[in-house]
Every structure is written in structure tokens, then in C-alpha cells.
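Visitor: Could you take me through one part of this model in detail, and then set that part in its wider surroundings? I would like a connected account rather than a list.

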Amino acid sequence: MKKMVMFSLTLVLFISSFAFTSYSKAKVFKKADVKLDYNASNLSSLINDSDYIILADVSKDRSMVTYGEVDFVITNTKVKQSLKGSVNDKDIVRILQTDYTNEDPLLTKGDTVLLFLEKYDGPITENAYVIKGLYQGNYKYSNGKFLSGKNNNEALSKEINELTLDDLSNKIKNSK
Amino acid sequence: MKRIFKFKRMKKFKFVLLLSTMLTITSINVVYGYSLLNTAYQYAYPYDIQVKPQWNNYDYSSYFNTAINAWNSSPAPIWFNSTSSPSQSVYIRAFDYYYGNVGWDGRAYYYSATCNTPSVQLNDSNWPFNYGGQSNQAELIAHELGHHIGLNDVSNTSVLMRSSDYKLNPNPTQDDTNGVEAFYSRIGY
């Protein structure tokens, strides 16, 4: 009887670990790459081409939408500082992103981010914003520094990483 | 005298060795400009990668065929077959929808255990992707197919796999085909 119980327990453990490994692997391989519809030649053009620029806190409120066989994610952010456009401090701004997409890394809850935005115009949702140039307009802000994630636009990334928030704010004001 | 001569020859040899090493390193950087997608699915039969087009709003057929021909006529060790009834268990679906200004013209979605099939997704909201009055759809589709055969986006603006912008040319460059060759050499092709 004891042997039987031990055998069953081992079997259950084996099956569950196998299922967990398969699930983890499956998640890793659900990936996509996109051809961007916008390329920022430098920071000045990214500033000019973005309708809104905000420094915001990423909240935990996130929803998923599937449209046209593609998964999208809408994340709420709370504006800390509006640097460009008619968005007010403390406003909640909904950011629409394409899920599983290398060029559109999802916002992480608890992060403070610098986002270059434009209003979303399409069938997926209303009252939402999209990040201009995807990764090109998405920077984590930590300890007074802007940090970029995956960025093929190395020149742009370098330009932003060297700025302080005040530098950027002045650059935006001067570009108006 | 003989020793001095030997020493000079030794120095010369070292210099030539150093120079050739530097040249080799430089040439490697130039030749291998591609980047591989390690998570991309490796087709078991790369000489019969089946693609099923299912156009919803626009007929992309001619651009799609141009893109497929561009890859098939390249030296890359793959062959795309357009078919309405695929016989392989894993095949690529190509379709289009209006997604709005989500930031991308096209998207390549890879095979995984949890999704039915890999796909090429075109964003009709950016139709007709005109650049100087010419269409870039064939280049866009060829680029997305490139992801399905193991190529990652690169910042090099002269290759098909550049992350943005168009050259109105769907033909893969030597760099692109070298990348596919490297990807499939792992399974003996």
C-alpha cells in the first residue's frame, strides 16, 4: 500500500513538472516581430512627431483584447508630468500595445516611464494612445536616468540616455 | 649579422600575422551582418515551406507572389510554396486586417505549441504603404517571411531585414541569405 502511494506521488510529481516545463517553453516561443511604420531619425524628430510626451507611473490595471487574430494589451498609466500635449498631470492614460512583440515591449507595473505618444485611431479600442515608433518612444525612468530596452535605433537611444529630465523638458519646450 | 637578419624577418612575420588577423576580424564583421532569431521555428522541410494566403480586405496576391519569388530565386536554402490547402502540419498563414495606427505595417508571428499556426499579418490601416508613388507591399511581405526563416531585424539599412523604412526592393541581399544558411545549417541543410 505504502509503495503504491509513493509510486502515485512520484508519478503526479513527474507529470506536473513535465506539464509546467512544457507550459513555460510554450510561453517563451510565442513571439512576433514587426516592420515598424516609423523611424525616428533623431530625438528632435521624435519630439516633433509625437503628439504627447509624458512621464508616467505604470499601474497594475491591464486588459487584453484580441482583434483580427492578434492579441493586444491595454495598460493604464498615471501621468506624473506632462511634457507635451493636452494631457494633465495625474490623468490616467490608456496605452495600447501589441502583445508578444519584440519591438513593443510591454510596460511593467510599478515602473516610471517616459512615453512618446500619439492618439490611437482604429477599431480595437477607444480613448487610448499608442507609443510612437514602439520601442523608440518607450524608456524606463529610474534614479534620474532614462533607460532604453531593445533598441535598434542606437543613435536615438544614446541621445536620450545622456539626458536628464530637465534637459529633455527644455529640449521639448525649445522645439515648440 | 645573420641574427639581425633573422630578428628582422621574425618582426616582419609578426607584423603580417597581426595585419591578417585584423583584416579577418574586419571581414567577418562585414560578412556576418545578419542577426538570427533563436526562438524562430525551424521547418523540418525548408525546401517546402507552405504559405496559405487568406486576404480579407485587399488582394495582396501579386505582391505576395513577388515576395515568394524573391526568396525562391535567392541562394537561401529554403523554398516557399503558396497553397490554399497545405499538406504540412506546420504552415504559415498570411492575412490582413485593419488594426489602426498600432505602429507596424506587418508582423511575423512564430510557431509555438500554444498558437495554431505561424502567420504573416498585414496592417490594412497603413495601405497602400506608398513610397514615392510606388508600392512597398512585396518588400514588406518578403521581410516578414524572412522572420519565419530565422532572421532578426537589424539596424543595417541596406538589407531586407532592416527594422523600418523601405527600398522598394523585395530581393534579399547576400547578408540576408547568409543568415538563412546559418540558421538552417544547424539541422544539416
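Guide: In this predicted model, a good place to begin is strand β7(A), which pairs with strand β8 (residues 145-148) of chain A in the antiparallel sense, over 4 bridges. Within that pairing, A:Tyr139 stands opposite A:Ser148 in β8(A). The hairpin formed by β7(A) and β8(A) has 2 residues between the strands, and A:Asn143 in this hairpin takes a positive phi near 50°. β7 (residues 138-142) of chain A also pairs with strand β5 (residues 112-119) of chain A, again in the antiparallel sense, this time over 3 bridges. There, A:Tyr139 in β7(A) is the bridge partner of A:Leu114, so that A:Tyr139 has a bridge partner in β5(A) as well as a residue opposite in β8(A), by the definition of pairing through bridges.

A:Tyr139 also leads from the strands to a helix, since it is among the residues in contact with A:Leu156, the others beyond four places in sequence being A:Ala40, A:Asn42, A:Leu43, A:Leu46 and A:Gln136. A:Leu156 itself is found in helix α3 (residues 154-161) of chain A. With a relative accessible area of 0%, A:Leu156 counts as buried, because that term covers values under 20%. The C-alpha atoms of A:Leu156 and A:Val79, on the other hand, are separated by 23 Å, the two residues being 77 residues apart along the chain.

Elsewhere in chain A, helix α1 (residues 2-28) holds A:Val5, which is partly exposed, with a relative accessible area of 42%. Together with A:Met6 and A:Leu9, A:Val5 forms a nonpolar patch on the surface, and the accessible area of these residues together is about 290 Å².

As for the chain in which these elements lie, chain A has 4 helices and 8 strands, and along the sequence they follow the pattern α-β-α-β-β-β-β-β-β-β-α-α. Of its 176 residues, 44% count as buried, and residues 24 or more positions apart account for 59% of the chain A contacts that have a separation of 6 or more. The accessible surface of chain A comes to about 9400 Å², with 54% of that belonging to carbon and sulfur atoms.

Chain A also contributes a strand to a sheet with chain B. This is an open sheet of 6 strands with mixed pairing, in the order β1(A)-β4(B)-β5(B)-β3(B)-β1(B)-β2(B). At its edges stand β1 (32-36) of chain A and β2 (80-82) of chain B; each has a single partner strand, and so one side of each is left without a neighbour in the sheet. From one strand to the next, the twist averages 20°. Where the chains meet in this sheet, β1(A) and strand β4 (residues 104-109) of chain B run antiparallel and are joined by 5 bridges, with A:Leu36 standing opposite B:Trp104. Helix α2 (residues 61-72) of chain B packs on the sheet, where it touches β1 (49-54), β2 and β3 (92-97) of chain B, and its direction makes about 155° with that of β2(B).

Chain B, for its part, has 4 helices and 5 strands, arranged along the sequence as α-β-α-β-β-β-β-α-α. Buried residues make up 49% of its 189 residues.

Definitions and conventions:
Residues are numbered from 1 along each chain as its sequence is written. Chains are lettered from A and ligands numbered from 1 in the order in which they are written. This is a predicted model: local features need pLDDT of at least 70, side-chain atom pairs count only at pLDDT 80 or more; totals for chains, interfaces and linings use all residues. Side-chain values use heavy atoms; hydrogens and water are left out. Axes are lines fitted to C-alpha atoms, for helices over the stretch in contact, and angles run from 0 to 180 degrees between N-to-C directions. Contact means heavy atoms within 4.5 Å. Buried means under 20% relative accessible area, exposed over 50%, partly exposed in between (1.4 Å probe, protein chains only). Patches are made of residues with over 30% relative accessible area and no salt bridge: like charges are joined within 9 Å, nonpolar side chains (Val, Leu, Ile, Met, Phe, Trp, Tyr) within 5 Å. Accessible areas come from the Shrake-Rupley method with a 1.4 Å probe; for residues, only the protein chains shown count as cover. A salt bridge is a side-chain nitrogen of Lys or Arg within 4 Å of a carboxyl oxygen of Asp or Glu.
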